[in-house]
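Let's practise turning numbers into labels. Have a look at the protein below, and then we'll ask how each label is earned.

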Amino acid sequence: MNRHHRTDSQLSSNEHKLNFRKSKEACLSYVQDALLQKQWKRAAEFLTCYVESLEKDYSREHISPSEMIWRIGTEILWHHSQSSMKEFNCFIEQMKTLGVKRFLKVCLEHVFHLLCNGQIDEAYQNLSLAESWRFGEQTAIQDKEMKLIQAYRGLLDYYSWSKQKNILLEHGEDGFSDLAVEQEMHGYFRKAAVNLKEIIKIPGVWDIFVKSYVDLLEFYGDHNEAHQVLNEYAYNSKFPANPNAHVYLYQFLKRQGESKKSLISALKILHDIVPSHELMIDFNTMLQKSKKRKKRRLGLEVIFTALDYAGWKENAKAWSCLARQVKQIVISEKHLDWIKQEWSSRKDWWPAFHFSRYLAKRNWQENKSLSYEKALVAGLLLGKDCKYFKYVSHQGCKAQLKRFRMLKKFVNRHTFL
């Protein structure tokens, strides 16, 4: 009899646990649904129910929902119309006590929130407290997180240095130099440089840290170190492929007045990674000016490729670059095969993509300089019967604009495809 009673009791207990687990899962599902629909008030209510259900959970199962509560709670408080900074700070402080392993992550989250709200001094204070935190033996993950904490502190030191630098430069213009400001500024430089230098040694994407560190080095004239940092960031195979690394290197080389060869080399890699980057205008311009036939050929490929992207469709500079190079080739009658090679893979889709009558009307109304450059390219590539060329040249002649009359004559004489 007792055995049957125990069995019934165990079944009842198991059923209760199962139902309890299902209700918790359902509650969490409602939270997630509310988040997806950006219903922050509803999400907050369900999260409260979820936390209360966890408090009533007396099962011995190992459950660690603290990270979930932290992440969801942070998201809700960030978006909830009635939440305040005081409530957020209170919530975050509670989250810091829930798990030793997540302490540094929660600290970083807190710092980001403070920075987004313009509380820079409070953010710095929190970073300093997090940096002094110790609990048992530090794991490899915690070591990386600590370096990140230090890096952000370095970034805020850089921010303070930058403010002091601007004060110093303003005073310098008046022939006055404040020694105290200069000393304070140098103190910020030392602290920032130490922490920024450490984080960028670790393979990763550290754009803002690299830019800040390079700015510090350049200001104090350490151009060799700055060049080395940027080279390492761009070319070290341990780091993930990052277009910005090549942009920063190119901009630095340009500031230093480096040779065209060095600049072209930096932009060639950027072109291979992001052929639609805005710096392709610079790249094309340098290549067009080169005396080497191979580089001029690459220049034509670069500008054609850039114009394959929708974001470039109405880029007047890009069309001007292409029009100029195509016009030069047509007049000289040398390297016509370059144009034919580029056009062969585009002739089936560029006419609709770039040279429709609809685009001709819109371009003419919005930007006559753009329509002129495009009409020149369209006329040379597709002939005088091209819809785009016909519409723009007709409108230009009707408006008695000399350059459009000359455009019409030039295309009639030089159409070759």
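Here come some questions and answers on this predicted model.

Q: Why is D157 called buried?
A: Buried means under 20% relative accessible area. D157 sits at 0%, so it counts as buried.

Q: And R153, is that buried or exposed?
A: R153 has a relative accessible area of 15%. The cut-off is under 20%, so R153 is buried.

Q: What makes D157 and R153 a salt bridge?
A: A side-chain nitrogen of Lys or Arg has to be within 4 Å of a carboxyl oxygen of Asp or Glu. For D157 and R153 the N to O value is 4.0 Å, and their side chains meet in a salt bridge. Both residues lie in helix α7, four residues apart, which is about one turn of the helix.

Q: How do you know that D282 and K254 form a salt bridge?
A: Their N to O value is 3.5 Å, and the rule asks for within 4 Å, so the label fits. D282 lies in helix α13 and K254 in helix α11, so the pair ties together parts that are 28 residues apart in sequence.

Q: Why is D282 called partly exposed?
A: Buried is under 20% and exposed is over 50%, with partly exposed in between. D282 has 24%, so it counts as partly exposed.

Q: What makes R405 partly exposed?
A: R405 comes out at 38%, and partly exposed covers what lies between under 20% and over 50%. R405 is found in helix α21, and it gathers with K402, K409 and R413 in a patch of positive charge on the surface.

Notes: Residues are numbered from 1 along each chain as its sequence is written. This is a predicted model: local features need pLDDT of at least 70, side-chain atom pairs count only at pLDDT 80 or more; totals for chains, interfaces and linings use all residues. Side-chain values use heavy atoms; hydrogens and water are left out. Patches are made of residues with over 30% relative accessible area and no salt bridge: like charges are joined within 9 Å, nonpolar side chains (Val, Leu, Ile, Met, Phe, Trp, Tyr) within 5 Å. Accessible areas come from the Shrake-Rupley method with a 1.4 Å probe; for residues, only the protein chains shown count as cover. Lys and Arg count as positive and Asp and Glu as negative; His and the chain ends are not counted. The place of a charge is taken as NZ of Lys, CZ of Arg, CG of Asp or CD of Glu. Helices (H or I, at least four residues) and strands (E, at least two) are DSSP runs, numbered from the N terminus. Buried means under 20% relative accessible area, exposed over 50%, partly exposed in between (1.4 Å probe, protein chains only).
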